[in-house]
Amino acid sequence: MTTIGVVALQGAVSEHVAMLTGLGATVRQIRTPDGLDGLDGLVLPGGESTAMARAAAKVGLFEQVRERRESGLPIFGTCAGLILLAERVEDGEALAGFATVGGLDITARRNAFGGQLASFRAGLDVQGVEGPAFPAVFIRAPQVVAVEASVQVLARTSADGPIVAVRQGGLLATSFHPELTADDRLHRLFLSICRG
Ligand SMILES: NC(=O)CC[C@H](N)C(=O)O
């Protein structure tokens with residue numbers, strides 16, 4: 001049995017829970033550090049990275065998640081979750097002074113495609129995901145503007161477009177929201193990482 005936590009402070013929580021449950025995982029919603037014991041993987045959902053970091057700070061959640069990450073807990077970050085996993089964030093002034101999770105050797109730029117009105121869908125080729133293009137939903141999405149050599153680029157919006165999906169060991173992150181589609185292939189990939 002695979003137990004996956006979904007950080008449930010804010011954002012697209014129920015969609016991740018539904019998708020992971022549908023794939024046979026036991027899912028636990030995480031609001032405090034107590035919930036972190038015995039997880040095989042953790043999801044940081046989309047939403048608003050600054051709101052999540054603020055809420056997490058009240059209970060010291062991300063300091064604890066950071067420790068688990070350092071001891072090898074796989075983590076899947078989507079959109080705001082990618083920002084929280086990034087070691088460096090541009091346009092991240094509002095995050096200053098709040099703990100994030102870190103670990104991904106990337107620079108993420110918040111809201112890099114523009115605001116809410118610049119939300120869009122795109123079909124993407126994602127490395128490690130077989131079959132047709134992945135239907136990606138972008139909402140006030142970040143871009144990955146720099147990656148270290150240790151980071152695998154999984155997808156760009158086009159051949160020479162910005163990077164929107166990456167993996168580094170047990171850390172998987174997308175600028176877009178796979179939980180807002182009916183396509184569970186990225187969640188399957190994450191579960192296979194967790195079952196490693
Ligand atoms: N859909 C999203 O998760 C948007 C992310 C948001 N712009 C942030 O900075 O956290």
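User: In this predicted model, in which loop is E179 found?

Analyst: The model is predicted. E179 follows β12, which covers residues 171–174, and precedes α5, which covers residues 185–195. The element that holds E179 is therefore the loop between β12 and α5.

User: Is E179 buried or exposed?

Analyst: A residue counts as buried if 20 or more other C-beta atoms lie within 10 Å of its own. For E179 the number of other C-beta atoms within 10 Å is 28. E179 is therefore buried.

User: Which residues does E179 touch, not counting residues up to four places away in sequence?

Analyst: With residues up to four places away in sequence left out, the list for E179 includes T78. The full set that E179 touches is A12, E15, H16, M19 and T78.

User: At which residues does UniProt place the feature "active site", and how far apart are their C-alpha atoms at most?

Analyst: The unreviewed UniProt entry places "active site" at C79, H177 and E179. These residues span 101 residues in sequence, yet they gather at one spot, because no two of their C-alpha atoms are more than 10.7 Å apart.

User: Where is C79 found, and is C79 buried or exposed?

Analyst: C79 is found in the loop between β4 (75–78) and α4 (80–85). Around C79 there are 30 other C-beta atoms within 10 Å, and the cut-off for burial is 20 or more. C79 is therefore buried.

User: Which residue of the "active site" annotation does C79 touch, not counting residues up to four places away in sequence?

Analyst: Beyond its sequence neighbours up to four places away, C79 touches G46, I139, A141, P142, S175, F176 and H177. The UniProt "active site" feature, from an unreviewed entry, is placed at C79, H177 and E179. The residue that appears in both lists is H177.

User: Which residues surround the ligand, and how many of them are charged?

Analyst: The ligand is surrounded by G46, G47, E48, S49, C79, A80, I83, R110, N111, I139 and R140. By class, this shell has 4 nonpolar and 4 polar residues. The number of charged residues in the shell is 3.

User: Which residues does the UniProt annotation "binding site" cover, and what is the largest C-alpha distance?

Analyst: The annotation, from an unreviewed entry, covers G47, E48, S49, R110, I139 and R140. These residues are spread over 94 residues of sequence but cluster in space. Their largest C-alpha distance is 12.8 Å.

User: Is R110 buried or exposed, and in which loop is R110 found?

Analyst: R110 counts as buried because 22 other C-beta atoms lie within 10 Å. R110 touches I83, V89, E90, D91, G92 and P142, with residues up to four places away in sequence not counted. R110 is found in the loop between β6 (104–109) and β7 (120–124).

User: Where does E48 lie, and how many other C-beta atoms are within 10 Å?

Analyst: E48 lies in the loop between β3 (41–44) and α2 (49–59). Leaving aside neighbours within four places in sequence, E48 is in contact with Q10, G11 and A80. E48 is partly exposed, and the number of other C-beta atoms within 10 Å is 18.

User: Which residues touch the most other members of the largest nonpolar core?

Analyst: In soluble globular proteins, nonpolar side chains tend to be buried together. Here the largest nonpolar core has 59 residues. One of its members, L42, touches I4, G5, V7, V65, L73 and I75, not counting residues up to four places away in sequence. The residues that touch the most other members are I4, L42 and L85.

User: Which residues are buried in α5, and what covers them?

Analyst: In α5 the buried residues are L186, H187, L189, F190, L191 and C194. Their cover includes β1 (3–7), α1 (13–22), β3, β4 and β12.

User: What is the radius of gyration of the protein?

Analyst: The protein has 5 helices and 12 strands, and buried residues make up 44% of its 196 residues. A compact globule of 196 residues would have a radius of gyration near 16 Å. The protein agrees with this, with a radius of gyration of 15 Å.

Conventions
Residues numbered from 1 in each chain as written. Predicted model: local features only at pLDDT ≥ 70, side-chain atom pairs only at ≥ 80, totals over all residues. Near = placed C-beta within 6 Å. Nonpolar A, V, L, I, M, F, W, Y, C, P; charged D, E, K, R; others polar. UniProt positions renumbered as here; feature names shortened; annotations may be inferred. Helix = DSSP H or I, 4+ residues; strand = E, 2+ residues; numbered from the N terminus. Buried ≥ 20, exposed ≤ 12 C-beta atoms within 10 Å, placed from the backbone. Contact = placed C-beta atoms within 7 Å. Rg over C-alpha atoms; globule rule 2.2 N^0.38 Å. Core = buried A, V, L, I, M, F, W, Y, C linked by C-beta atoms within 7 Å.
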